[in-house]
Amino acid sequence: MRVWDLPIRLFHWLLAALIAFSWWAHEDHLDWHRLSGFAIAGLLVFRLWWGLAGSSTARFSSFVKGTGGVLAYLRGAPAGPGHNPLGGWSVAAMLATLIIQIALGLFSVDQDGFESGPLARLVDFDTGRLAAAGHELVFNLLVGLIVLHLLAIGWYGVQRKNLVGPMITGRTTASDGATELEPAPIWKLLVGLILGLTTSGGLFMLERASSL
Ligand code: HEM
Ligand code: HEM
């Protein structure tokens, strides 16, 4: 049965690739670093919209559960298709951390003031340096969450529960009582694409304008 729609899978693998790229580019290729960050910003805006309006397993309401739900899951209650209540919180934490990381990057200035995010001129140099310090700190938090993410997926793998296959193909084997994925209408996908592309494009234009 279907578990992840194509937009979620594309979002996931593009996000992972762009984060790796952003990390690679942060030392000597800050122009690429910023461009990659703008693309990630667009992906995140799309994901936020998809979390409200997307297909059933993408929606935050389907996987962000209170402590009761998490405790029940830990005690062995069955989880439906999609993120389980514990994984749901790790997803929320990764998305929130990334949003903060991007926001700080936009205001960051490097030591000699040569390289900066496109919103840095709205703040003074010291504030820009503070944003850069936060950007570095939050990056470490992000790496911690990603390591945890990979360890958790490995842990399920050891227990013969393959999560990676479904994130590639979108399909998983049906478990008892599981409901089929409820896709979102195409117009909602188009709205999400417009929101994401406008975000990335807007940041790119801001960067061009601020470097003139
Ligand atoms: C719009 C998005 C982003 C912008 C505009 C941006 C901008 C910047 C700038 C201007 C610096 C230089 C700061 C300095 O030298 O002190 C920097 C450093 C850095 N960025 Fe980003 N960034 C963005 C997104 C990201 C993302 C998504 C990651 C995560 C992979 C990331 C990771 C880093 C790291 C690790 C550094 C080096 C920190 C240090 O050692 O000082 N950035 N970024
Ligand atoms: C920079 C690296 C990565 C980041 C930031 C990241 C982030 C995320 C996020 C945000 C989700 C939630 C998807 C959604 O609902 O939007 C997710 C799910 C998932 N990711 Fe990653 N990911 C990374 C790397 C990887 C890698 C390398 C793998 C494969 C080994 C992987 C496998 C998965 C799987 C299997 C899920 C679905 C988990 C489930 O069934 O609940 N991720 N990841």
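Which element gives the largest share of the shell around ligand 2? In this predicted model, the answer is helix H1, which supplies 6 residues. Altogether, 19 residues surround ligand 2, and those that come nearest are Ala-16, Ile-19, His-83, Leu-163 and Met-167. Besides H1, the elements that contribute two or more residues to this shell are H5, H6 and H7. Sorted by class, the surroundings of ligand 2 consist of 14 nonpolar, 4 polar and 1 charged residues.

The other ligand makes a good companion to this picture. Around ligand 1 there are 24 residues, with Gly-37, Gly-105, Asp-110, Gly-117 and Ala-132 the closest. Two or more residues of this shell come from each of helix H1 (6–25), helix H2 (30–53), helix H5 (85–107) and helix H6 (125–158). Here the top contributor is H2, which gives 7 residues. The classes are 10 nonpolar, 10 polar and 4 charged residues.

A look at one residue of H1 shows how that helix meets what follows in the chain. Ser-22 is part of H1, and its C-alpha atom is 7.8 Å from that of Arg-34, although the two are 12 residues apart along the chain. Once neighbours within four places in sequence are set aside, the contacts of Ser-22 are His-33, Ser-36, Gly-37 and Ile-40. Ser-22 counts as buried because 22 other C-beta atoms lie within 10 Å, where the cut-off for burial is 20 or more.

Helix H8 offers a tidy example of helix geometry. It runs over residues 186–210, 25 residues in total, and spans 36 Å from the first C-alpha to the last, close to the 36 Å expected at 1.5 Å a residue. Which residues of H8 are buried? They include Leu-189, Gly-192, Gly-196, Thr-199 and Leu-203. The spacing of such residues can be read with a simple rule: an α-helix has 3.6 residues a turn, so residues three or four places apart point the same way. Among the elements that cover the buried residues of H8 are H1 and H2.

Finally, a loop residue deserves a friendly glance. Arg-160 sits in the loop between H6 and helix H7 (164–169). Its phi is near 60°, a positive value in a residue other than glycine. Is Arg-160 buried or exposed? Arg-160 is exposed, because just 6 other C-beta atoms lie within 10 Å, and a residue with 12 or fewer falls in that class.

How values were computed: Residues are numbered from 1 along each chain as its sequence is written. Chains are lettered from A and ligands numbered from 1 in the order in which they are written. This is a predicted model: local features need pLDDT of at least 70, side-chain atom pairs count only at pLDDT 80 or more; totals for chains, interfaces and linings use all residues. A residue is near a molecule or strand if its C-beta atom, placed from the backbone, lies within 6 Å of it. Helices (H or I, at least four residues) and strands (E, at least two) are DSSP runs, numbered from the N terminus. Ala, Val, Leu, Ile, Met, Phe, Trp, Tyr, Cys and Pro count as nonpolar, Asp, Glu, Lys and Arg as charged, and the others, Gly among them, as polar. Two residues are in contact if their C-beta atoms, placed from the backbone, lie within 7 Å. The expected span of a helix is 1.5 Å times one less than its number of residues.
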